[in-house]
Each structure stands twice: as structure tokens, then as C-alpha cells.
Amino acid sequence: VCTHVREELFVWTCLLLHVSHIFFFLFALQVMVRVSDGETRFVWAWSKAKFINRKFLMQELYEKYLNGEDVTIDRDKDPFWDPPEDYFLGSVYIYLQSLAYQIDIDEIMSITNYQGCEEGMLQVGVFPCDGKGQPLKEDQFVAQPEELLDTRMDFLIRIPYARGVKWLQDDPSRGVICKYKFYTDSKKRMTKAVFRTMNPEFNYNKQFTIKAVSDNFLTYLSDCALVIEVWGKQGDGVSVRSVPGLPATAAAASSAPSTASTTTPGDERIMDALVRVEPDLCVCVC
């Protein structure tokens, strides 16, 4: 339905459907719609509620078009458009059991998206250290985590770089940033944003200090994972039709709505079914 409206109104925004199953820690599930602007190459992830709201606004606009009314609207009222925002690419899970024995963790791991596909590689390290950030000596390792109770513990979280981030393949002006929470953090910590490279260098280092190790902290190290979220920063939004050196015919072809993404009758049934999806249904559309 929305794709038909988009084509009739000559809008370059595409709503692409892909159904997959997602399992979070508490089986909390989401329904999302991946929205992309074929001209600026901006990408958004709409929630179920936002999509349903926009769907009715699109239909209202389309009815005006069929009635011969003027459908020129300001951008802030355009149901196909949103301001640029960070786009979730995938995550990396670092299990922290080794830290309870004062053993380093240093891994290069796959950035995995909602469908379980690789979006690139991320180097992450968690290193026990002294109060000045220097590596521990060998005799400071422990045989049992309980030996750390009521003692001070320092360690470094390092995120030096990522490699082969696919987010930049469609738009080289895009960027990448990493976000995470550790232990009792209420807000996400983040690296700097790095633009215009598929191999960003974050050079991120953060020292944490636990003044007195508790049973709760040891349980956290034993049972929980440090989740590093990798987010895409939108590009400069320059229209593909105005890129210098791009022939007019090629620009028109690259910015036109793709016929490959036109919904089939089955896709339309999925789109219409979104309004009936229960909150706990194990489905993500993105």
C-alpha cells in the first residue's frame, strides 16, 4: 500500500520489508520498518506505532492527489521524511568471566545485526590494571574470584578500531560510533564518531574503578556480557543526482525508486498485518 502511494507521488523513499525473528535477554520483541531515502541515502528504523501513524498520513496525502488537490507540503509535515538520526548496525557481546580472575580479554569480533549477519569487525579489550592504568603483574592474578571481595579493582575498556564496516558501502560520507553501558551505568557511554572510512580508528580508552568488589559485581562478571552497540551516523545528505561527475542518466537511475523493492502481494499482506501484530510477537520488519 505505502509503496504504491510512494510511486504514484514520485517520492524517493522506500519502505523495505524483511521478516526475521529476534530474541533479546527477556524475549522482548520489536516490530520495525526500515525506511530509506533513495536520493539522500538517509536510513531510519520506524517503530510499529510510528509506521501506523505515517501510513494513515500517506493515505490522506494520496487521496488528495487522486482528487486533484495540491499535495505540496513542507518537509516537517512530509510523512515519508524524518530528521537524520543514528541507525543501529549491530552489536558485539564480550563475556567477562575472565575479568573475575584478573585475566585480560582482547578480541576482534563480528558486529552482528538483527538478522545474524556480519556488518563488520570490532576490536575490543578489557584489561585489569593498577590505579595508574598500568598492566598487572603476573602474581596479581587470582585463582578464585572470591579473593577479590572487598578489594579495589581497576580495569580498562578499550575499543581501538573497527574493520570492514558495510554501512559505508552505499554512502562513503557516513560515519560510525560505538555505545555501551557497564555495570550500573544509567546512560550509554560512547566513542567518538568517525566518518568517511570503512576502517574507523576510535582509539577509545576508559578506566573503571571498583572501590570494593562485592558479590553483586562478581555475579555481574560471571553472568553478564558487555554489549558494545555499533551505530551508523548518517551521511551528508547530498542528493545522488547532484554528485559532480555523475552523468545525468546515471544519477536519475540511481535516485529513482527501485523496482526490485516494490512490494509483492505477499509483502502487502505483511504490511497490512502490521496493524494487528501483538506486542510480544517475535517478528522484526526492517
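Buried means under 20% relative accessible area, exposed means over 50%, and partly exposed lies in between (1.4 Å probe, protein chains only). By that rule D82 is buried, with a relative accessible area of 6%.

This is a predicted model: local features need pLDDT of at least 70, side-chain atom pairs count only at pLDDT 80 or more, and totals for chains, interfaces and linings use all residues. Residues are numbered from 1 along each chain as its sequence is written, and side-chain values use heavy atoms, with hydrogens and water left out.

## Salt bridges

Side chains of opposite charge can pair when their charged atoms come close. Here a salt bridge is a side-chain nitrogen of Lys or Arg within 4 Å of a carboxyl oxygen of Asp or Glu. The whole structure holds nine salt bridges. Three of them are set out below.

| Salt bridge | Closest N to O | Relative accessible area |
|---|---|---|
| D82 and K50 | 3.0 Å | D82 6%, K50 28% |
| D185 and R189 | 2.8 Å | D185 18%, R189 27% |
| R196 and D236 | 3.4 Å | R196 56%, D236 42% |

Where do D82 and K50 sit in the chain? D82 is in the loop between α2 (48–66) and β5, while K50 is in helix α2. They are 32 residues apart, so the pair links distant parts of the chain. Helices (H or I, at least four residues) and strands (E, at least two) are DSSP runs, numbered from the N terminus. K50 is partly exposed. Salt bridges that share partners join K50, R54 and D82 into one network.

R196 and D236 also link distant parts of the chain, 40 residues apart. R196 lies in the loop between β11 (194–195) and β12 (201–210). D236 lies in the loop between β13 (225–233) and α4 (248–255). R196 is exposed, and D236 is partly exposed. In the D185 and R189 bridge, D185 counts as buried and R189 as partly exposed.

## Aromatic rings

Rings of Phe, Tyr and Trp (its six-membered ring) pair if their centres lie within 6.5 Å. Planes under 30 degrees apart count as stacked, over 60 as edge-to-face and the rest as tilted. The count comes to 16 aromatic pairs.

Take F88 and Y114. Their ring centres are 5.1 Å apart and their planes stand at 35°, so this pair is tilted. F88 lies in strand β5 (residues 87–95), and Y114 lies in the loop between β6 (105–112) and β7 (118–129). The pair therefore ties together parts that are 26 residues apart in sequence. F88 is buried at 19%. Y114 is partly exposed at 29%.

F217 and Y220 are stacked or tilted? Their centres are 6.2 Å apart and their planes are at 25°, so the pair is stacked. Both belong to helix α3 (residues 215–223), three residues apart, and about one helical turn separates them. Ring pairs also link F217 and Y220 with F155, F182, Y183 and F208 into a cluster.

Two arginines lie over ring faces. A charge sits over a ring if NZ of Lys or CZ of Arg is within 6 Å of the ring centre and within 35 degrees of the ring normal. R158 lies over F127, 5.0 Å from the ring centre. R163 lies over Y161, 4.1 Å from the ring centre.

## Helix α3

Which residues of α3 are buried? They are F217, L218, Y220 and L221. Seen down the helix axis, they fall within an arc of 155°, so they line one face of α3. That arc is taken from the directions from the helix axis to the C-beta atoms. On the other side, D215, N216 and D223 are exposed. The cover over the buried residues includes β8 (153–163) and β12.

## Nonpolar cores

A nonpolar core is a set of buried Ala, Val, Leu, Ile, Met, Phe, Trp, Tyr and Cys residues joined through side-chain atoms within 4.5 Å. The largest one has 40 residues, and L122 and F182 touch the most other members. Elements that each supply at least two residues include β5, β9 (175–180) and α3. β8 gives the most, with five residues.

Contact means heavy atoms within 4.5 Å. Leaving aside neighbours within four places in sequence, L122 is in contact with residues including V92, I108, Y161, C178 and V230. A second, separate core of 10 residues includes F42, W44, F51 and M58.
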